[in-house]
Amino acid sequence: MKRLLSILALLLPVLAGAQSLTINHISDTHTMVKVSGKDRYVMLPVQENAPEARVKVLSNGNEVLGANVCLAIDKTDYLVPLDLGQWGGSSIILDIKMNQGRSLRRDPSDDVCWSEMTTVPVPDLTNSEKKYRPIYHFSPEWGWMNDPNGMVYKDGEWHLFYQFNPYGSFWGNMHWGHAVSKDLVNWENLGIAIAPDALGAIFSGSAVVDKDNTAGFGKDALIAMYTSDGDNQTQSIAYSLDNGRTFTKYAGNPVIMAADTPDFRDPKIFWHEESRQWKVILAAGQEVQLYSSDNLKDWTYDSSFGLSYGNHNGVWECPDLVRLPFEGKEKWVLILNINPGGPFGGSATQYFVGSYDGKVFKCDDLPTVTRWMDYGKDHYATVTWSNAPEGRTVAIAWMSNWQYANSVPTRQFRSSNSVPRDLSLVKKGKEVILKSTPSKEVEALRGNPVQFGLSTAPVELFDNARKAYELVIRFTLSKKDGATFVLSNESGEQVVLSYDAAVQTFSMDRRGSGNVKFSKSFAAVTTAPTRVGGKMELRLLVDSASIEAFGEDFSMTNLVFPSSPYNTIKMYGNTKADVTLYPLSK
């Protein structure tokens, strides 16, 4: 009799959300939710350790969306909005298949997701998780973000697309999210730009302005190329005639396919003026491949690079090929991301300096040389903006590491980007190295400067806690002396930054920085080769959960998760320093 009553309960509809949701449990693992009313969003309760459910959105009987969502069983960690606006006025049903294991513990109709699922006209996320939300680094309003994608400048706007999971703060359901900025520091989130289709999830790629209408979609159209991740990885394009607000996928997709090539992805398009052609560079296993096109639709293979060059301890991803001035001439720089294989474990960005003739890239270094763009643990998927003004080459990175990206101690959102950085080539002895400098727009965040001297006595940076600030530290060292700077808070958590004259290095030690226990790979000391001796300057950009350090010839990016902001600095070493402190805010 108890089993019969349970079956009857499954078949009876349950009303939720002020009768805007009618929930019908068809079986132990199958539920259908009918959406009525005028609200645009269904708020889905997520429990991160729950097994994934498959949620299909049916509009007038047709499947218009499919996503994997960890619908809450015992408790709700956070809510994510499912936007029904694009199918407004239609008959909407959520067809949900639960993991079989959910019914082993109890009646699945008891899962808390059914009682906490609701509809709203506008999602209110203003009170969600502020502790580690960055002040001036871009982050999604909710959900998961990884690689920056499709960055392009057009009509006074910097466009930032990004790998985005709208239905949970962990990797999956890959879309392109979209944000725009007038100044590279204040960003407006525009939501989903490109969603998965029958060819697969939407993986990383790039975007360009088709000024001469070479593709035939329209003059000045934005053309995006991305990896379609289905049974195999292929390359597709989409175009926008309204500055990226909406995209139309090309009917002839995919435009590039490769036989038996694993990890064939992450296309970066660029215009090569000498040949008057579009070029694209792709990651293809343990090399990159270059292709040419007259119209962005039909592509011809040109060459490959990399099988014997640089670091190969992980998968090559997210390549970029840029032209930079150097000593009155120019060189080409191939930026190449790798995971794992980074100098301190997990993800990192390497680069190669050389020449490119429109077909073939040649590296100036010996194959055994590996050059790292950033010496922290949290600088990955670095790519540059297309069509940047003033001839600038501006890059941005995903500020995380695949060793622990899904585990960092945030919930409502996960991940942010580095600050934008202008790239240049400089001479270091006999070497030519790639230098990263925070873009000039970052300086607009500065408040009134405070200047002070620093020696062995600790200095309190603020009377009350401030999460975001910049420190410019100027000092002089002999070639035999080192210097150490310690940022700390009232709980004794600290980050130790040290110049070592004996081995000519700079290091950042975050082992005591705060919460480091969420991953055994997080507590670490990262080290960069650098010149030590003479007049020196160290620039530190500190935000709620990150520190980016810039020296004369290095950059270092690391996440930190302190219980309260670092508000004290102390110096050790046989020198004194002059410090300029800038509060940073939008």
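## Cavities, a pocket and unusual backbone sites

Leu 296 counts as buried because its relative accessibility is 0%, which falls in the class under 20%. The structure described here is a predicted model, and in it Leu 296 has a positive phi of about 70° although the residue is not a glycine. Its place in the chain is the loop between strand 20 (287-293) and strand 21 (300-305).

A second residue of this kind is Asn 243, which is not glycine either and has a positive phi near 55°; Asn 243 belongs to the loop that runs between strand 16 (233-240) and strand 17. Most residues other than glycine have a negative phi, and most peptide bonds are trans. Against that background, two peptide bonds that lead into prolines can be described as well. The bond from Asn 253 to Pro 254 is cis, with omega near 0°, and Pro 254 sits in the loop between strand 17 (248-249) and strand 18. The bond from Asn 339 to Pro 340 is also cis, with omega near -15°, and Pro 340 is found in the loop between strand 23 (329-339) and strand 24 (348-356).

The spaces inside the protein come next. There are three cavities of 30 Å³ or more, and the largest of them holds about 150 Å³ of space. This largest cavity is lined by 17 residues, and those closest to its centre are Tyr 132, Ser 415, Ser 416, Ala 545 and Leu 559.

The second largest cavity has 14 lining residues, with Gly 205, Ser 206, Pro 267, Lys 268 and Val 383 nearest its centre. At least two lining residues come from each of strand 10 (143-154), strand 14 (201-210), strand 18 (264-272), strand 22 (315-326) and strand 27 (380-384), and strand 10 gives the most, with four residues.

The second largest pocket is lined by 28 residues, of which Phe 270, Trp 271, Ser 386, Asn 387 and Ala 388 lie nearest its centre. Strand 14, strand 18 and strand 22 are the elements that give two or more residues to this lining, and strand 22 contributes the most, with six residues.

The table sets out the volumes and the classes of lining residues.

| Space | Volume | Nonpolar | Polar | Charged |
|---|---|---|---|---|
| Largest cavity | about 150 Å³ | eight residues | seven residues | two residues |
| Second largest cavity | about 80 Å³ | six residues | six residues | two residues |
| Second largest pocket | about 760 Å³ | 13 residues | six residues | nine residues |

Note on methods
Residues are numbered from 1 along each chain as its sequence is written. This is a predicted model: local features need pLDDT of at least 70, side-chain atom pairs count only at pLDDT 80 or more; totals for chains, interfaces and linings use all residues. Side-chain values use heavy atoms; hydrogens and water are left out. On a 1 Å grid over the protein atoms alone, a cavity is a set of points where a 1.4 Å probe fits but cannot get out, and a pocket is an open set with protein on both sides within 12 Å along at least five of seven lines; lining residues have an atom within 4 Å of a point. Grid points are joined across faces, edges and corners, and a volume is the space filled by probe spheres set on the points. Ala, Val, Leu, Ile, Met, Phe, Trp, Tyr, Cys and Pro count as nonpolar, Asp, Glu, Lys and Arg as charged, and the others, Gly among them, as polar. Buried means under 20% relative accessible area, exposed over 50%, partly exposed in between (1.4 Å probe, protein chains only).
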